[in-house]
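Open your viewer, switch on the cartoon view and keep the selection box handy. We will go from stop to stop, picking a few residues at a time.

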Amino acid sequence: MQPLPDDLARNRPGDAVRRKIRELQPNPVLRLIDCRRPGSDLRSWADGLAGERLTGRQLNKLRHRGWFILHAIQWPSGADIDHLAIGPAGVFSINSKRHRGKTVWYGDTAITVNGSPTRHIAVSQSEARRISRALSTRCGVDVPVRPVISVVHAAKLTVKGANPPVLVLKVEHLDRALSGLSPTLPPDQVARIYSAARDARTWVG
């Protein structure tokens, strides 16, 4: 397995998932077959990869608007942060959730998919707190992080509540929604946080 890069700006959307898929099935021919076989573990990982790639492409549109975007930031445990957006409106951790053809409902404290409850909100909030601790420690100042869930390929998304603790957005609305938020960080602070976030040493704790 190739070593992870020290400069995380080199990461592509879904890189951590790609590594997991190659780890689960090293043979490229069998890997291709398994990724297309309904019900297989690799098919599930491949679906997640497709969602992360689409979310990443949408987020990358923010780069010409004063934002910095990172993808596939890996923790020592092997878990990873799908995407991190750092810009004038603050710092956002983005989880990609692909629910093809399903109905997604968000009511402030929980998300259901076709009526079944998920842990998407709790997991996203926990991840944002962990990211905030890591960045705050490295930068020497408090760095708040707001969680976002990017919903990919759902048949319908309903969001209830005027000021939800987690932003839940259709993937195609991500760049417009984040760039439309009120500025909270000056450019020098955005650059400082990005410099810390792209350094792999920030995420070793």
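**Stop 1: Arg100**

Start by selecting Arg100, which sits in the loop between β3 and β4 (103–106). Keep in mind throughout that this is a predicted model. With a relative accessible area of 56%, Arg100 is exposed. Now add His153 to the selection: 53 residues separate Arg100 from His153 in sequence, yet their C-alpha atoms are 4.6 Å apart in space. Leaving out residues up to four places away in sequence, Arg100 touches Val152 and His153.

**Stop 2: His120**

Next, select His120, in helix α4. Is His120 buried or exposed? Its relative accessibility is 13%, and it counts as buried. Show the side chain of His99 as well, and you will find a polar contact of 3.1 Å between the side chains of His120 and His99. Residues up to four places away aside, His120 touches Lys97, His99, Ile111 and Ile149.

**Stop 3: the open sheet**

Ile149 is a good way into the sheet. Its bridge partner in β9 is Val168. Colour β7 (residues 145–152) and β9, and you will see a parallel pair with four bridges.

Now bring in the rest of the strands. In which order do the five strands of the open sheet come? The order is β1-β2-β3-β7-β9, with mixed pairing. β1 and β9 (167–170) are at the edges and have a single partner strand each, so one side of each lacks a neighbour in the sheet. Look along the sheet to see its twist: ignoring direction, neighbouring strands are turned by 30° against each other on average. Helix α4 packs on this sheet and touches β2, β3 (90–98), β7 and β9, while its direction makes about 140° with that of β7.

**Stop 4: the β1–β2 hairpin**

Move to the β1 edge. Although β1 has a single partner strand, five of its seven residues are buried, so β1 is largely enclosed by the rest of the structure. β1 and β2 run antiparallel and are joined by six bridges. Pick Phe68 to find one bridge partner in β2, namely Ile86. Then follow the chain around the turn: the hairpin of β1 and β2 has five residues between the strands, and Gly78 takes a positive phi near 105° there.

Helix α6 comes into view here too, lying across β1, β2 and β3 and running at about 160° to β2.

**Stop 5: the nonpolar cores**

Keep Ile86 selected and show what surrounds it. Neighbours within four places in sequence aside, Ile86 is in contact with Gly66, Trp67, Phe68, Val91, Val190, Ile193, Tyr194 and Ala197. Ile86 is also one of the residues that touch the most other members of the largest nonpolar core, together with Leu84, Val91, Ile131, Leu135, Ile193 and Trp203. That core has 22 residues. β1 (68–74), β2 (80–87), α4 (120–139) and α6 (187–197) each supply at least two residues of this core. A second core is separate and has 15 residues, among them Phe92, Ile94, Leu167 and Leu178. In soluble globular proteins, nonpolar side chains tend to be buried together.

**Stop 6: where α4 meets α6**

Hide the strands and leave α4 and α6 on screen. Their axes come within 10 Å and cross at roughly 110°, which means that α4 is roughly perpendicular to α6. To see the contact itself, show Leu135, Arg138 and Cys139 of α4, then Arg192, Ile193, Ala196 and Ala197 of α6.

Zoom in on Arg138, in helix α4. At a relative accessible area of 38%, Arg138 is partly exposed. Beyond residues up to four places away in sequence, Arg138 touches Ala196, Asp199, Arg201 and Thr202. Try a distance label from Arg138 to Ser150: the two are twelve residues apart in sequence, with 27 Å between their C-alpha atoms.

**Stop 7: Gln58**

Finish by selecting Gln58, found in helix α3 (residues 41–60). Its relative accessible area is 10%, under the 20% cut-off, so Gln58 is buried. Which residues does Gln58 contact, leaving aside its neighbours within four places in sequence? The answer is Val171, Glu172, Leu174 and Asp175.

Key. Residues are numbered from 1 along each chain as its sequence is written. This is a predicted model: local features need pLDDT of at least 70, side-chain atom pairs count only at pLDDT 80 or more; totals for chains, interfaces and linings use all residues. Side-chain values use heavy atoms; hydrogens and water are left out. A nonpolar core is a set of buried Ala, Val, Leu, Ile, Met, Phe, Trp, Tyr and Cys residues joined through side-chain atoms within 4.5 Å. Buried means under 20% relative accessible area, exposed over 50%, partly exposed in between (1.4 Å probe, protein chains only). Contact means heavy atoms within 4.5 Å. Two strands pair if DSSP finds at least two bridges between them. Axes are lines fitted to C-alpha atoms, for helices over the stretch in contact, and angles run from 0 to 180 degrees between N-to-C directions. A polar contact is a pair of N or O atoms within 3.5 Å; within protein, one must be able to donate a hydrogen and the other to accept it, and residues adjacent in sequence count only if both atoms are side-chain atoms. Angles under 35 degrees count as roughly parallel, over 145 as roughly antiparallel, 65 to 115 as roughly perpendicular and the rest as oblique.
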